[in-house]
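Please work through the exercises below with the sequence and the coordinates open beside you. Try each task before reading its solution.

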Amino acid sequence: MASEAATTTGVHADAFRRFTAGPVERRKALVERLVACLLGGVTVLLVLPLIAILTTLVAKAWPVLSWAFITENPQTYMTSGGIWAPLVGTFYLVFISLAVAAPIGVLAGVYLNEYAGENWLTRLVNLAVVNLAGVPSIVHALFGVGAFVLFAGFGRSVLAAACTLAVMTLPVIITSTKEALSAVPQSFREACWNMGASRWQTIRTIVLPNAISGILTGVILQVSRAAGETAPILFTGAVFYVAVPDRGLASFLPYGLLDRCMALSYHLFTISTQVTGVSDALQYGTAVVLIGLVVSVNLASIAFRVYLRSRKRW
Amino acid sequence: MRHAVVSRLTPLVEPLVEGLIRLCGWSAIFFVFAIFFFVFREGAPLLVGTLDLGEFFTSVNWRPDSRIQAQYGILALLAGTASVTALAMILSVPAGLGAAIFVSEFCAPRVRETLKIVIELLAAIPSVVWGFIGYMVLNPLLISATGAPIGINILNGGIILALMSVPIIMSVGEDALKAVPDTYREAALALGASRWQLVYRVLLPAAKNGLLAAALLGIGRSVGETMAVLMATGHSVQIPHSLLDPVRTLTATIAAELGETVEGGDHYRVLFVIGTLLMLMAFAVNLAADLAVKGVRGKQNG
């Protein structure tokens, strides 16, 4: 390119012209600017829908959004009232699935980063994690029906749905734990080993405390994923309607482990496609609360990550 | 004192903990096999029994409820999945990879961080909300824009799926570009290449396997997506003739029909057979993506 530029400007050009851009150089700069604008435009086009969607949803949901909308139960065949029962159901599912997935996922991450050697078994485990993350959500639902509802005998219940969600979100925790652990410098471990500590002692006293915050961001992401999923709970425990006490302590503990429950994501699906006569505002309101829940959990995780990066000492 | 306790317990605790950690590590393999086993187990009696595989793959007749003669042909469902996925990929692969190139090569670090956060939030929106957006927001928009009688169709589902798969295409694509050594960039810039020439002549060829993996993972995401297509693509089991035809995908069929089936019946089992098929498709896509990425890594090491 440079030689082309030299021939077009000519050998006899004076010293100043030698350093001004020739036509080739100018075209190069123009193309670069065009491409940058084009790619930037594409990126903006991806961001715009997000903003447009969020503003539309909030604007249409505005009439119903109030404290009562959150604390009241659905009434008169879901056409009025609030979203308390599904909201509590979502919390049940999220926390039970978290209780199942977090220990297994964190220990699996510890295994992959601290114990596994460079061999075919490790490769297989990594491949399994990737594949587990890629299994379609509806297949997880079928697995939940086959394994938890029928084989384990949980029936369609909170427990079966939460276990299905746990298997589904396991890769999120494993991957982020692995990343958090690999961010701990190897020299920390070596120093600890030199003091005579065993492998587990090193992990327990040095590696895990230094990685705990990174692990937590992964756990937070699991929460957001589990709260939003619908397909895996369709046939494993979510149900159209459950009558739930309106106030008092009983309204916080409406579901037993083997009861079916309502869930916010499934509730949004049913009131928008299965039930007739639900006002638009009620539907948009449910969608906004679901997005608000998931997005705020994600933002918390992001803020946490930024904060950690700013105070990292190594 | 404490030291004594620790040294007495450690030899006991250590192997136990280590065993537990290994067990959890291997659990991922266990779960993958368990998923395959349990889904296949429910579908197997039909698969080895009365299901005619030739008819299963080549017939467009999906009449699982018929009392006289139930027919299980999934060709129309395959066509539904293929059409929606194809449209989504046509929209999202150029957009996702373009955005990945922009974020990784063209924009300032501060803008990059903000954009990545926005894209992460885009990825966090639950699929049922995407379905709701398709059903409630995009549906009337498409009706007024195209004059079609119904706005829940391939176009709607394709747009929604494209928006859903952009984040994964973008993040994997960006990783692929970042994996190209900086020395390549420095060499190209030293030769007087502009940034676009650098991207076009150096980075794209060097990162092509990773970019291929990004597109493959996007396809995997689209094929496996359930709630959004269930709500946004309509419910007609048919071979589509235009972008404005409603279709039914494999995943939506399972989600829509499993609730109405009798446990152990043929209809129930055929849905599990479809589930097995979906899982095999997802595995194939993931393995291909994995091989593509491993391929590029091996070459760079060697």
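The exercises that follow concern a predicted model, and each task is answered step by step.

**Exercise 1. Confidence**

Task: State what the model scores in ipTM and pTM, and find which elements of chain B have the lowest and the highest mean pLDDT.

Solution: Begin with the scores for the model, which are ipTM 0.89 and pTM 0.88. Turning to chain B, the average pLDDT is 87, and 94% of the residues score at least 70. Among the elements of chain B, the lowest mean pLDDT, 83, belongs to helix α12 (residues 266-301) of chain B, while the highest, 93, belongs to helix α3 (residues 75-106) of chain B.

**Exercise 2. The build of chain A**

Task: Determine how many helices and strands chain A contains, and decide whether chain A is a compact globule or more spread out.

Solution: Counting the elements gives 12 helices and two strands in chain A. Their order along the sequence is α-α-α-α-β-β-α-α-α-α-α-α-α-α. For 314 residues the globule rule gives 20 Å, whereas the radius of gyration of chain A is 27 Å, well over that value, so chain A is more spread out than a compact globule. Along the principal axes, the C-alpha atoms of chain A fill a box of roughly 90 × 65 × 35 Å. Of the 314 residues in chain A, 46% are buried.

**Exercise 3. Domains within each chain**

Task: Give the domain bounds for chain A and for chain B, and describe how the two domains of each chain touch.

Solution: In chain A the domain assignment gives domain 1 (2-61) and domain 2 (73-310), and the C-alpha centres of these domains lie 43 Å apart. Their contact takes four residues from domain 1 of chain A and seven residues from domain 2 of chain A; on the side of domain 1, three residues are nonpolar, none is polar and one is charged. In chain B the assignment gives domain 1 (2-49) and domain 2 (74-301), with 33 Å between their centres, taken over C-alpha atoms. Here nine residues of domain 1 of chain B are in contact with eight residues of domain 2 of chain B, and the side of domain 1 divides into seven nonpolar residues, one polar and one charged.

**Exercise 4. Where the chains meet**

Task: Work out how many residues of each chain take part in the contact between chain A and chain B, and which element gives the largest share of the side of chain A.

Solution: The contact joins 71 residues of chain A with 71 residues of chain B. Several elements of chain A give two or more residues to this side, among them α3 (23-61), α5 (84-115) and α12 (280-310). The largest share, 17 residues, comes from α3(A). By class, the side of chain A that touches chain B has 52 nonpolar, 16 polar and three charged residues.

**Exercise 5. Two local features of chain B**

Task: Locate the kink in helix α5 of chain B, and decide whether B:Glu174 is buried or exposed.

Solution: In helix α5 (residues 127-146) of chain B, a kink of about 45 degrees lies at B:Leu138, shortly before the proline B:Pro140. After α5(B) comes B:Gly147, with a positive phi near 75 degrees. B:Glu174 lies in helix α6 (residues 154-178) of chain B. Because 25 other C-beta atoms lie within 10 Å, B:Glu174 is buried. Not counting residues up to four places away in sequence, B:Glu174 touches B:Ala100, B:Val103 and B:Ser104.

Key. Residues are numbered from 1 along each chain as its sequence is written. Chains are lettered from A and ligands numbered from 1 in the order in which they are written. This is a predicted model: local features need pLDDT of at least 70, side-chain atom pairs count only at pLDDT 80 or more; totals for chains, interfaces and linings use all residues. The bend at a residue is the angle between axes fitted to the seven residues ending there and the seven starting there. Helices (H or I, at least four residues) and strands (E, at least two) are DSSP runs, numbered from the N terminus. pLDDT is the predictor's confidence in each residue, from 0 to 100. Ala, Val, Leu, Ile, Met, Phe, Trp, Tyr, Cys and Pro count as nonpolar, Asp, Glu, Lys and Arg as charged, and the others, Gly among them, as polar. Domain bounds come from an automatic or database domain assignment. The radius of gyration is taken over C-alpha atoms; the globule rule is 2.2 Å times the number of residues to the power 0.38. A residue is buried if 20 or more other C-beta atoms lie within 10 Å of its own, exposed if 12 or fewer, and partly exposed in between; C-beta atoms are placed from the backbone.
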